[in-house]
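Biologist: Please take a close look at one single part of this model for me, and explain how its pieces are joined and what covers them.

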Amino acid sequence: MPVLEVENLKKYYPVRKGFLQRTVNHVKAVDGVSFHLNPGETLGLVGESGCGKTTVGRSILRLTPPTAGTVMFKGKDLGKMDRETLRKTRTSLQIIFQDPFSSLNPRMNVGQIIAEPIKNFEDLSKSKIRQRVAKLMTRVGLRSAQTGRYPHEFSGGQRQRIGIARALAVNPDVIICDEAVSALDVSIQAQIINLLRDLQEEMNLAYLFIAHDLSVVEHISHRVAVMYLGRIVELASARSLYKNPLHPYTKALLSAVPIPDPLVKQEQNIVLSGDVPSPLDPPEGCTFHPRCPMARDKCRTRPGYREIEPDHWIACHLYP
């Protein structure tokens with residue numbers, strides 16, 4: 001049974017004008033996203049900046065209330081929960097933010113930051129909280145003696161480890177990693193990715209790994225979903241997607257990934273024409289068709305999202 005099921009998720013932001021601030025249009029940040037996440041699995045969510053990846057993650061956690069759609073956690077609809085039930089359920093759904101500095105309170109030391117969620121959700125003595133904080137610090141690769149230090153005294157990679165420890169403090173089942181390594185150096189990225197994989201094996205965690213770096217996503221993900229302008233255009237296993245991409249947008253993204261071996265010939269990049277359309281006024285039909293080198297007249301109608309191979313979903317008229 002999937003631990004998380006997202007069905008037709010939408011998030012529209014109203015555009016208001018005039019003295020009475022009437023709604024004249026909507027920014028369609030997320031426009032009908034569906035997927036599921038299994039226990040112990042990592043689903044990579046990739047796409048260009050502004051395609052709606054972060055909004056999907058925040059809408060799942062209800063940090064941003066969705067406009068429409070359902071989010072089921074272990075068979076229960078998060079949207080129908082009362083405030084107290086949702087509060088308790090949030091211990092199972094945590095997030096690691098993109099910026100490891102601004103996501104930490106500069107007025108609290110590391111011990112207080114990691115202990116805060118434990119105090120909010122569990123009734124433990126101070127000594128037991130200190131013991132758990134020290135154990136979490138050690139587990140993410142920090143020294144327990146550093147609990148009295150403040151965020152500005154740590155490097156970027158260390159601060160992200162603190163964010164991971166805070167997310168683990170309440171024993172979650174699902175962690176949304178929102179560009180969790182994009183602000184780090186490449187060598188530090190590898191360390192954090194390996195830490196996340198070790199924690200996943202140890203605790204059977206499920207990750208929704210939001211990123212724009214396709215090489216990082218390939219390294220950590222079991223399945224990958226590709227987003228374009230608020231919609232998922234292709235979803236498949238990581239091996240299948242990287243070996244045999246089908247959607248023209250996915251092919252263009254993968255063609256731009258540099259190959260770090262000088263002996264391997266780099267295929268010619270697929271250069272897309274034009275700019276990404278505005279989510280305020282997206283194109284009719286397939287939102288990618290104005291830039292697609294393989295577009296047809298039929299692409300002016302919205303393609304269905306369907307499974308064309310086992311566990312390989314696509315929204316494209318090129319594959320009937």
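**The sheet and its surroundings**

Modeller: Strand β10 (residues 231–237) and strand β12 (residues 312–315) run antiparallel and are joined by two bridges, and within this pair L235 stands opposite W313 in β12. Two strands are said to pair if DSSP finds at least two bridges between them; strands (E, at least two residues) and helices (H or I, at least four) are DSSP runs, numbered from the N terminus. This is a predicted model, in which local features need pLDDT of at least 70 and side-chain atom pairs count only at pLDDT 80 or more, while totals for chains, interfaces and linings use all residues. Residues are numbered from 1 along each chain as its sequence is written, and side-chain values use heavy atoms, with hydrogens and water left out.

The pair belongs to an open sheet of eight strands with mixed pairing, in the order β6-β7-β8-β3-β9-β10-β12-β11. From one strand to the next the twist averages 20 degrees. The edges are taken by β6 (93–96) and β11 (305–309), each of which has a single partner strand, so one side of each is left without a neighbour in the sheet.

Starting from the β6 edge, four bridges pair β6 with β7 in the parallel sense, and here I95 stands opposite I176 in β7. Strand β7 is also joined to β8 by five bridges, again with the two running parallel, and I175 stands opposite Y207 in β8. As for burial, five of the five residues of β7 are buried, so this strand is largely enclosed by the rest of the structure; buried means under 20% relative accessible area, exposed means over 50%, and partly exposed is in between (1.4 Å probe, protein chains only). In a regular strand the side chains alternate between the two faces of the sheet. Both faces of β7 are covered, with V174, I176 and D178 buried on one side and I175 and C177 buried on the other.

Two helices lie across the sheet strands. Helix α1 (residues 53–60) lies across β3 (42–46), β7 (174–178), β8 (206–210) and β9 (223–228), and runs at about 145 degrees to β8. Helix α9 (residues 248–255) lies across β9 and β10, running at about 105 degrees to β9. These angles run from 0 to 180 degrees between N-to-C directions, with axes being lines fitted to C-alpha atoms, for helices over the stretch in contact, where contact means heavy atoms within 4.5 Å.

Two loops beside the strands deserve a mention. Most residues other than glycine have a negative phi, and most peptide bonds are trans. N204, in the loop between α6 (186–203) and β8, has a positive phi of about 55 degrees although it is not a glycine, and with a relative accessible area of 47% N204 is partly exposed. D311, in the loop between β11 and β12, also has a positive phi, near 65 degrees, and at 54% relative accessibility D311 counts as exposed.

For the wider setting, the protein has nine helices and twelve strands, and buried residues make up 48% of its 320 residues.
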